[in-house]
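Me: I have a structure in front of me and would like to learn to read it. Can we take it feature by feature?

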Amino acid sequence: MTRRLPKGPGRLRLPPMTIRTRLTLTYATLFTVGGIALLLTLTFAFYHAIFRPLPADQIPGRTDPDHDHFLGLSDQIRDSAASHLLRDAFLLLLLVVAVSALLGWWVAGRMLRPIAAITAAARRAGRTTLHERLNLTGPADELKELGDTFDAMLERLDASFAAQRRFVANASHELRTPLAVTRAATEVTLAKPEPTQEQWRLMAQDVTQATDRAQRLIEALLVLARSEQHLTDVEEDDLADITAEALDHTAARARTRALDVVSRLEPAPLRGNLALLDIAVTNLLENAVKYNNDAGLLQVSTRTVRHPADTAHPGTWAELTVANDGPHLDPATVERFFEPFHRGERTRLSTALPAPDGAGLGLSIVDAVIHAHHGHLTATARPEGGLTITVLLPGSP
């Protein structure tokens, strides 16, 4: 009984060739083509040389008895040389193909070794192994550039996962604190044999304050998550108007601390999500008021500028600058202020200074909102103390 191979998708297929195999076949093919061309050229030149008619003075005359013998011997030598040449050329061609295949396999393996290292590192990559780096050596070629790019990607992922772990730990702690306060207040009150009305009122105040703190934290986390998503409800407005409203919101607290508020709000039209922009600008000003010195200086300005370094948005940009007095800051740690739950020296882990109100998400929200609008944010420590923050947002066309 004859069995037939199945047709269509069920037919047996050869496994796909690896890139090393394809490179080896490419090298072998090139060597083979070059060898064939060389052998054909040599064979043509050899045939042209041995089958060229002999000079008349080297051939015995027709009357000479050795004439026919000389011609027959000459033809025999030529035929033997030609047959040996073809055989040797074919054997030499086979040797060239075999050697080229072996050399091609070895060279392809050497060339692909960095890619194999990158593949192995990618397989090992995880939250616990992102600290590893390839650090490829060698000339600055495409493979070295690929390795450096992969190292840079691992560095960004490592920093991102580290920030995520800090965020989860800090968020868990911040949410656990008001819950612990609520539970302690209720347990202490319920443990009393006969709580008085005043004790119930104090417990209710403690529970209300803890609930408000948890609510503010949850709302801040929701705003932070919303600002990192795709923007919706984009409208045209003026950054000067948004900043003026934010100044009104923080005016009472600024007066309480006797701050010298200097504002210069020039028109700066833009397009964006007005709710998120209002939250970002308000948080920025509240942070400048909160960490300012008593009777310190608060400078706020808006204007329209051009940002020639950005080729993606070559038009006009809306700029907001907020400068405030305050303690002297280390320029190397300024960028950390935009990490979630970071409060500079007044972190929840610090006992030297009392922690201010809030969860340390204000500048994180500002950074997320600005980046969601494809803007730029820079922070610079002032030599006299305090901070200068500059925000650039794509202007309205």
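Reply: Gladly. Keep in mind that this is a predicted model. Start with one residue, Asp-151. Its relative accessibility is 9%. Buried means under 20%, so Asp-151 counts as buried.

Me: Where is Asp-151 found?

Reply: Asp-151 is found in helix H3, which covers residues 142-191.

Me: Which residues is Asp-151 in contact with, leaving aside its neighbours within four places in sequence?

Reply: Here you look for heavy atoms within 4.5 Å. For Asp-151, that gives Arg-133, Leu-134 and Asn-135.

Me: Now the whole chain. How many helices and strands does the protein have?

Reply: Count the helices and the strands separately. The protein has seven helices and seven strands. Then read their order along the sequence: α-α-α-α-β-α-β-β-α-β-β-α-β-β.

Me: What share of the protein is buried?

Reply: Of its 397 residues, 31% are buried. Look at the surface too. The accessible surface comes to about 25800 Å². Carbon and sulfur atoms hold 60% of that surface.

Me: How do I read contacts along the sequence?

Reply: Take the contacts with a separation of 6 or more. In this protein, 72% of them join residues 24 or more positions apart.

Me: What should I look at in a single helix?

Reply: Check its length, its start and its buried residues. Take helix H6, residues 274-290. H6 has 17 residues and reaches 24 Å from first C-alpha to last, close to the 24 Å expected. At its start, a side-chain oxygen of Asn-273 comes to within 3.1 Å of the backbone nitrogen of Leu-276. The buried residues of H6 include Leu-276, Leu-277, Ala-280, Val-281 and Leu-284. Polar ones are on that list as well, among them Thr-282, Asn-283 and Asn-287.

Me: Which residues have the most contacts inside the largest nonpolar core?

Reply: A core is a set of buried nonpolar residues joined through their side chains. The largest one here has 36 residues. Leu-239, Leu-284, Leu-320, Val-322, Ile-389 and Val-391 have the most contacts inside it. Elements giving two or more residues include helix H5, H6 and strand E4. H6 gives the most, with eight residues.

Me: What does Leu-284 touch, not counting residues up to four places away in sequence?

Reply: Leu-284 touches Leu-320, Val-322, Leu-363, Val-366, Ile-389 and Val-391. Apart from this core lies another, of seven residues. Ile-118, Leu-130, Leu-134 and Leu-136 are among them. You have met Leu-134 already, as a contact of Asp-151.

Conventions: Residues are numbered from 1 along each chain as its sequence is written. This is a predicted model: local features need pLDDT of at least 70, side-chain atom pairs count only at pLDDT 80 or more; totals for chains, interfaces and linings use all residues. Side-chain values use heavy atoms; hydrogens and water are left out. Helices (H or I, at least four residues) and strands (E, at least two) are DSSP runs, numbered from the N terminus. The expected span of a helix is 1.5 Å times one less than its number of residues. Buried means under 20% relative accessible area, exposed over 50%, partly exposed in between (1.4 Å probe, protein chains only). A polar contact is a pair of N or O atoms within 3.5 Å; within protein, one must be able to donate a hydrogen and the other to accept it, and residues adjacent in sequence count only if both atoms are side-chain atoms. Accessible areas come from the Shrake-Rupley method with a 1.4 Å probe; for residues, only the protein chains shown count as cover. A nonpolar core is a set of buried Ala, Val, Leu, Ile, Met, Phe, Trp, Tyr and Cys residues joined through side-chain atoms within 4.5 Å.
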